Amino acid sequence: MKEAKVCNCPSCGGLLKFNIKVQKVRCNYCQKTFLTDDLSDDDINWIDKAENENEIIKPERLKEYVCSSCGAVIEAFSADTTAKCLYCGCDLVLSSNFTKDAQPDEIVPFTITREKAVSILNDYLESVHYSVPKELKNGVQEGFSGFYVPVWLYNCRVSGQMEFYGFKAYKTLDAIVKRGGHIDYVDFPVKANDKIEEWLINSVANYDYSKAVEYADELISGFYSSRYTISASDTLNEVRKNVIFNFERGLENDTYEFYTIKLKQKDVKVYNEKLKYVLVPMWICRLRDRNWTHIFAVNGQNGELIGDELKLYATKRIKIFNAAILIVPLILGIIYNSTNSILWEKAFIAAVILSILLFIIVLAVRNNRLKKANQKVIQIKDLSLREKYYKDVVFDKREKEALSEEVK
Ligand SMILES: [Zn+2]
Ligand SMILES: [Zn+2]
């Protein structure tokens with residue numbers, strides 16, 4: 001059985017934990033702090049690894065581990081890299097799932113504390129309190145969990161040139177068109193774990209990866225964390241295909257002056273590839289009641305709130321209000337009908353007009369608030385592959401070789 005490691009202080013044996021405010025690993029017993037560089041290992045060349053071995057990742061399953069602190073046997077999923085011992089309560093790092101060649105190169109540490117994340121989401125929900133069931137707000141405090149999400153960062157330059165036959169009109173050959181240029185991909189994030197929601201991964205482009213530090217077990221202890229389940233070779237095959245496709249389409253689309261084009265020849269290659277395996281911090285909160293489910297995420301580095309667009313939702317107070325503005329004119333109408341007095345008639349008409357006005361005004365105010373609140377949240381929808389890899393070509397060649405009459 002594999003051992004689940006407790007991160008102990010090298011000086012006193014106390015528990016080590018990453019302190020977000022101090023930005024250092026600190027012993028909770030002797031208070032000694034450690035720079036993460038003291039704890040790190042060497043990086044691996046993922047491109048070499050991807051090209052030389054086809055790593056097969058087994059489907060996820062439950063595995064047993066021994067807690068190194070109390071000796072109890074605990075269960076965890078094979079792709080998880082952290083766990084909590086149910087018996088002694090220690091935060092564990094499942095290093096055996098993280099054998100040296102599967103260790104992240106770098107980690108972007110949390111700089112946003114849990115309290116900060118809670119207050120960011122609470123402020124937001126407060127601003128839309130007529131659109132969110134009240135009970136859900138109580139779930140915010142408990143609902144947040146800190147996750148280190150694994151991503152691949154891809155770096156490369158795709159460059160080359162393409163030649164096309166350009167047609168001015170249907171079947172009228174006009175010129176040979178030459179287009180060339182390049183696109184740089186810098187720290188382009190690609191999903192590394194297939195269990196993570198696609199829209200969350202689309203938000204990871206917003207991290208400042210220059211602030212990443214060397215990976216160390218002590219940094220993830222106490223947070224949820226998982227390893228990659230999409231291998232370096234699968235990732236490389238996928239991104240290469242997509243960056244080349246995007247580049248070639250960029251060159252093709254630059255020939256709009258022609259009625260139609262046909263490929264003559266091309267020479268497109270990918271250079272300076274680099275793949276990095278990185279963990280990024282995210283506070284994730286799931287709020288749920290009978291008819292309302294939302295996942296919010298707070299970027300653990302810059303505090304950006306990420307979530308779906310909120311729809312207009314009638315809370316209990318709004319439902320009571322709507323019922324009241326319907327019932328009051330109705331009652332007045334019944335009284336007027338039975339008394340037939342002019343006074344009640346006037347009251348009835350006034351109530352109808354007032355109710356309609358109130359309904360419109362309240363709806364407009366709620367809509368306006370919701371719109372403003374939604375602007376505060378970064379809404380990241382599922383992007384298509386096309387949108388995800390889209391980048392403009394930097395052109396260095398835009399030539400046209402007119403064909404003489406004879407060739408035509
Ligand atoms: Zn210590
Ligand atoms: Zn234990």
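Strand β5 spans residues 62–67 and runs antiparallel to β6, joined to it by 5 bridges. This pairing sits in a predicted model. The other main topic is a zinc site, where four cysteines coordinate the zinc ion (ligand 1): C9, C12, C27 and C30.

**The sheet**

- The sheet is open and has 3 strands, in the order β1-β5-β6.
- Its pairing is mixed.
- β1 (2–4) and β6 (73–77) are the edge strands.
- Each edge strand has a single partner, so one side of each lacks a neighbour in the sheet.
- From one strand to the next, the twist averages 50 degrees.
- Across the β5 and β6 pairing, V66 stands opposite V73 in β6.
- In general, the strands of a sheet pair through backbone hydrogen bonds, parallel or antiparallel.

**The zinc site**

- The zinc ion (ligand 1) is bound through the SG atoms of C9, C12, C27 and C30.
- The coordination distances are 2.3 to 2.4 Å.
- Angles among the 4 donor atoms run from 101 to 116 degrees, and the site is tetrahedral.
- That label applies because all the angles lie between 85 and 135 degrees, the range required of four donors.
- Along the chain, the donors of the zinc ion (ligand 1) follow the spacing C-x2-C-x14-C-x2-C.

**Exposure of two zinc donors**

- Is C27 buried or exposed? C27 counts as buried, because its relative accessibility is 0% and the cut-off for buried is under 20%.
- C30 has a relative accessible area of 35%, so it is partly exposed. That value falls between the 20% and 50% cut-offs.

Conventions
Residues are numbered from 1 along each chain as its sequence is written. Chains are lettered from A and ligands numbered from 1 in the order in which they are written. This is a predicted model: local features need pLDDT of at least 70, side-chain atom pairs count only at pLDDT 80 or more; totals for chains, interfaces and linings use all residues. Side-chain values use heavy atoms; hydrogens and water are left out. Two strands pair if DSSP finds at least two bridges between them. Helices (H or I, at least four residues) and strands (E, at least two) are DSSP runs, numbered from the N terminus. Axes are lines fitted to C-alpha atoms, for helices over the stretch in contact, and angles run from 0 to 180 degrees between N-to-C directions. Donors are N, O and S atoms within 2.8 Å of the metal (3.2 Å for Na, K and Ca); water is not among the atoms, so sites may look incomplete. Four donors count as tetrahedral if all angles lie between 85 and 135 degrees; four count as square planar and six as octahedral if opposite donors are over 155 degrees apart and all others between 65 and 115; anything else is irregular. Buried means under 20% relative accessible area, exposed over 50%, partly exposed in between (1.4 Å probe, protein chains only).
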